[in-house]
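Here are my notes on the model you sent round. Please read them with the coordinates open.

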Amino acid sequence: AAGMMELRQAVADKLKKDNGLDYDYTQIVISNGAKHSLINALMAILNPGDEVIIPAPFWLSYAEMVKLAGGTPVIVYTKQEENFALTSEVLESGYSDKTKAVIITTPSNPTGMVMAEDELRKIADFAIEKDIIVIADEIYEKLIYSEDKKHVSIASFGKEIYDRTITVNGVSKSYAMTGWRIGYTASPLKIAKLMSSMQSSNPNSIAQKAALAAITGPQDCVEEMRKQFEKRRDYIYDRVSKMPYVTTIKPEGAFYLFIDFSGTYGKTYKGE
């Protein structure tokens, strides 16, 4: 139910090589896409009334999945002028004695911002202090364009945060395999067993074989795609930056431009 052993082991090997994370294959659960992985994680950890902190802007499904799992989404707001940084103060504003988890995503959908290591360490310290779980959505990890930024897995900071982290990833973005529907989680064994039992049946075997080929095969295609996406990022950012009344920040990863249209209120376009 948790996926083919070969693919689970390949994911564990990938996490060790790319992210500095030590997982046994039994801690890996393969699902029907990262969205399935996320709902599995939330259903495994939430009880009715539990709260989950979600930094905004966020992928719209996060809040709805928390609700489906019986929890309550608590939205906290980051600021464009601070590059949508998730600070300790912002986290604290959403915390209560009902808080069970926080969802983070880096690179971000929809802002494209990449969390720096010092930002992630503050989140890790917060999670350890409050004894809450971090659900780390790392699906865009291979799509980073800023030379001064690199992807860092929050679970790599030590045992205390490792034991409180559910790392979510998949093949849809890094390998452009969206339709194959293969995602995965890496988590403490107790949580992995809960997700496996709840999932009950495995993703289709053909897609698992394709994911295995992607993860264990040559990786130069990933860099080729990243470079093409970087060109597209530069083009669209340049075009939007020249538009009147709208503002945006240059995304450091993923493939989104998060645009502030508030300056268009009451305006009429008089161009050609």
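The points below take the sheet, then the helices and salt bridges, then a loop residue and a surface patch.

1. **Status of the model.** This is a predicted model. Please keep that in view for every value quoted below.

2. **The sheet.** Seven strands form an open sheet with mixed pairing. Their order is E1-E7-E6-E5-E4-E2-E3. Strand E1 (28-31) and strand E3 (72-77) stand at the edges. Each has a single partner strand, so one side of each lacks a neighbour in the sheet. On average, neighbouring strands are turned by 20° against each other, direction ignored.

3. **Edge strand E1.** How does E1 pair with strand E7, parallel or antiparallel? The pairing with E7 (residues 183-186) is antiparallel and runs over four bridges. Ile 30 stands opposite Tyr 184 of E7. In a regular strand, side chains alternate between the two faces of the sheet. Both faces of E1 are covered. Ile 28 and Ile 30 are buried on one side, and Val 29 and Ser 31 are buried on the other. So E1 has one side without a neighbour in the sheet, yet both of its faces are covered.

4. **Strand E4 and its partners.** Strand E4 (residues 99-105) pairs in the parallel sense with strand E2 (residues 51-56). Three bridges join E4 and E2. Glu 51 stands opposite Thr 99 in E4. With strand E5 (residues 133-137), E4 also runs parallel, here over five bridges. Ile 103 has Ile 135 in E5 as its bridge partner. Strands of a sheet pair through backbone hydrogen bonds, either parallel or antiparallel.

5. **Burial of E4.** Why is E4 described as largely enclosed by the rest of the structure? Six of its seven residues are buried, so the description fits.

6. **Helix H2, two residues.** Helix H2 covers residues 34-45 and includes Met 43. Asn 40 lies in H2 as well. Is Asn 40 buried or exposed? Its relative accessibility is 3%, so Asn 40 counts as buried. Beyond its neighbours up to four places away in sequence, Asn 40 touches Ser 31, Met 195, Met 198 and Gln 199. One of these contacts, Ser 31, is among the buried residues of E1. Met 43 has a relative accessibility of 38% and counts as partly exposed.

7. **Surface patch.** Which residues form a nonpolar patch on the surface with Met 43? They are Leu 68 and Met 198. Together the three have about 290 Å² of accessible area. Met 198 is also one of the residues touched by Asn 40.

8. **Salt bridges overall.** How many salt bridges does a search of the whole structure find? The search finds 18. One of them joins the side chains of Lys 159 and Asp 163, at 2.5 Å from N to O. Lys 159 counts as exposed, at 62% relative accessibility. Asp 163 counts as partly exposed, at 34%.

9. **Charged network at helix H9.** Glu 223 and Arg 226 form a salt bridge, with their closest N and O atoms 2.9 Å apart. Both lie in helix H9 (residues 220-241), three residues apart, about one turn of the helix. Arg 226 also meets Glu 230 in a salt bridge, at 3.2 Å from N to O. Arg 226 and Glu 230 are four residues apart in H9, and therefore separated by about one helical turn. Burial differs along this stretch: Glu 223 is partly exposed, at 33% relative accessibility, whereas Arg 226 is buried, at 14%. A network of salt bridges links Glu 223, Arg 226, Glu 230, Arg 233, Asp 234 and Lys 250.

10. **Ile 249.** This residue lies in the loop between strand E8 (247-248) and strand E9 (259-260). With a relative accessible area of 12%, Ile 249 is buried. What does Ile 249 touch, leaving out residues up to four places away in sequence? The contacts are Gln 80, Asn 83, Phe 84, Met 113, Tyr 237, Leu 257 and Phe 258. Asp 148 is 101 residues from Ile 249 in sequence, and their C-alpha atoms are 16 Å apart.

Key. Residues are numbered from 1 along each chain as its sequence is written. This is a predicted model: local features need pLDDT of at least 70, side-chain atom pairs count only at pLDDT 80 or more; totals for chains, interfaces and linings use all residues. Side-chain values use heavy atoms; hydrogens and water are left out. Patches are made of residues with over 30% relative accessible area and no salt bridge: like charges are joined within 9 Å, nonpolar side chains (Val, Leu, Ile, Met, Phe, Trp, Tyr) within 5 Å. Accessible areas come from the Shrake-Rupley method with a 1.4 Å probe; for residues, only the protein chains shown count as cover. A salt bridge is a side-chain nitrogen of Lys or Arg within 4 Å of a carboxyl oxygen of Asp or Glu. Helices (H or I, at least four residues) and strands (E, at least two) are DSSP runs, numbered from the N terminus. Buried means under 20% relative accessible area, exposed over 50%, partly exposed in between (1.4 Å probe, protein chains only). Two strands pair if DSSP finds at least two bridges between them. Axes are lines fitted to C-alpha atoms, for helices over the stretch in contact, and angles run from 0 to 180 degrees between N-to-C directions. Contact means heavy atoms within 4.5 Å.
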